[in-house]
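Here are some short exercises to work through with the model open beside you. Try each task before you read its solution.

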Amino acid sequence: MSILVLGGAGYIGSHTVYALKEKGEDVVIIDNLETGYKEAVHPEARFYEGDIRNRAFLDEVFEKETGIQAVIHFAANSQVGESMVDPLKYYDNNLCGTKVLLDAMVAHDIKHIVFSSTAATYGEPERIPILETDRTEPVNTYGETKLSMEKMFKWVGKAHGLTYVSLRYFNACGAHISGQIGEAHNPETHLIPLILQVPLGQREAIKIFGEDYGTKDGTCIRDYIHVTDLAQAHILAVQYLLDGKESNIFNLGNGIGFTVKEVVETARKVTGHPIPAVIEGRRAGDPAQLIASSEKAKTVLGWKPEHADLEEIIETAWKWHSTHPNGYGKED
Ligand code: UFG
């Protein structure tokens with residue numbers, strides 16, 4: 001049996017492939033390397049470079065890799081800001097790409113898919129912590145396309161006997177314990193890698209977007225979840241589907257919120273650098289607080305996040321960034 005990982009050269013995809021390989025699974029990867037990196041591809045996975053919008057390419061892979069029993073789908077664009085400036089890019093890659101993929105899965109009788117979803121499907125939360133049954137009203141195109149993808153799985157599943165698990169991540173962060181793979185986005189927009197650019201000498205100060213929220217120190221609260229814990233949830237979700245269980249949706253977070261200022265302070269402690277911070281205006285579209293209830297994933301999937309400590313999370317990120325200051329770039 002093999003597992004096909006779409007987007008296996010990206011941040012969360014590559015960590016999931018490493019976790020699958022650590023478990024001894026046979027892994028096939030598809031990635032178009034638009035935002036993923038060849039260097040992040042696990043050396044023992046079979047890698048096909050190509051785009052999920054290309055049906056002939058997908059058919060070729062499914063015809064060659066006849067042992068595929070489940071798909072884990074990370075192949076999507078995921079920048080909130082970009083999705084507001086270029087929404088059609090998100091509809092094309094995220095939705096049209098998934099449509100082509102599902103066509104190919106139905107044609108090749110592949111029955112299970114685990115899907116990389118997001119807290120952005122909720123939009124402004126109606127309560128904290130957020131439950132899977134809460135209102136989903138995305139406030140950006142990225143979240144909207146991910147929610148539409150979830151719905152596509154639902155209806156295609158009903159018609160063709162396909163089951164899916166959608167995993168709604170909160171703030172993915174940290175890096176593989178080995179320091180071999182980590183977070184590398186271009187451009188980088190996420191808080192922790194941006195903070196760590198300061199001790200790396202790549203940025204003068206970290207900008208804090210808004211100090212006037214109704215939170216304990218006025219800055220936004222997020223639920224930071226280690227990428228390795230996310231990876232484990234995908235493995236459990238594949239097993240859940242292979243066991244014949246019904247389609248389902250799970251939040252993935254630690255259920256603990258940290259303010260932006262707390263994250264900066266923890267990074268100062270980990271790196272020993274003063275990391276100057278500059279207060280800026282609010283960033284458009286940022287909810288004040290996003291904290292998950294992941295009780296369902298814990299109860300139903302048996303998921304146990306193991307790296308909930310923010311200091312430990314930032315330590316793994318720092319290990320990666322300090323040894324790969326240019327990500328997967330050549331100047332490392
Ligand atoms: N922030 C700063 N300064 C920065 C960068 C970020 O203060 O330079 C703040 C943001 O305003 C936010 C927090 O740090 O309050 C975290 O921001 P990130 O950009 O790291 O993450 P988001 O919470 O915006 O995004 C995450 C996921 C998205 C998902 C979104 C749902 O990364 O994929 O949650 O709202 F869509």
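**Exercise 1. Decide whether Cys220 is buried or exposed, and look for its disulfide partner.**

Step 1. Cys220 has a relative accessible area of 5%, so it is buried; the classes are buried under 20%, exposed over 50% and partly exposed in between, with a 1.4 Å probe and protein chains only.

Step 2. A disulfide is a pair of cysteine sulfur atoms within 2.5 Å. Searching the whole structure gives zero disulfides. Cys220 is in none, and the nearest cysteine sulfur, that of Cys173, is 16 Å away.

Step 3. For another cysteine, turn to Cys96: its relative accessible area is 38%, so it is partly exposed.

A note before you go on: this is a predicted model, in which local features need pLDDT of at least 70 and side-chain atom pairs count only at pLDDT 80 or more, while totals for chains, interfaces and linings use all residues. Residues are numbered from 1 along each chain as its sequence is written, and side-chain values use heavy atoms, with hydrogens and water left out.

**Exercise 2. Describe helix α4, its span and what covers it.**

Step 1. Find residues 87–107, which form α4. Helices (H or I, at least four residues) and strands (E, at least two) are DSSP runs, numbered from the N terminus.

Step 2. Check the span: the 21 residues reach 29 Å from first C-alpha to last, close to the expected 30 Å. That expectation is 1.5 Å times one less than the number of residues.

Step 3. List buried residues of α4; among them are Tyr90, Asn93, Leu95, Val100, Leu101 and Met105.

Step 4. Look for their cover, which includes strands β1 (2–6), β4 (68–73) and β5 (112–118), as well as helices α2 (55–64), α3 (80–85) and α5 (141–160).

**Exercise 3. Find the residues with unusual backbone angles.**

Step 1. Recall the background: most residues other than glycine have a negative phi, and most peptide bonds are trans.

Step 2. Asp109 has a positive phi near 60 degrees and sits in the loop between α4 and β5. With 52% relative accessibility, Asp109 is exposed.

Step 3. Ile275 is not a glycine either, and its phi is positive, about 40 degrees. Its loop runs between α8 (260–271) and β13 (277–280). Ile275 has a relative accessible area of 0%, so it is buried.

Step 4. Now the cis bonds. From Ile128 to Pro129 the peptide bond is cis, with omega near -5 degrees, and Pro129 lies in the loop between β5 and α5. From Asn186 to Pro187 the bond is also cis, with omega near 0 degrees; Pro187 belongs to the loop between β7 (171–173) and α6 (191–196).

**Exercise 4. Work out why the radius of gyration of the protein chain agrees with a compact globule.**

Step 1. Apply the globule rule, 2.2 Å times the number of residues to the power 0.38, with the radius taken over C-alpha atoms.

Step 2. For 332 residues a compact globule would come near 20 Å; the protein chain has 19 Å, so the two agree.

Step 3. Add the box: the C-alpha atoms fill roughly 55 × 45 × 40 Å along the principal axes.

Step 4. Add the burial and the elements: 56% of the 332 residues count as buried, and the chain has ten helices and 14 strands.

Conventions:
Contact = heavy atoms within 4.5 Å.
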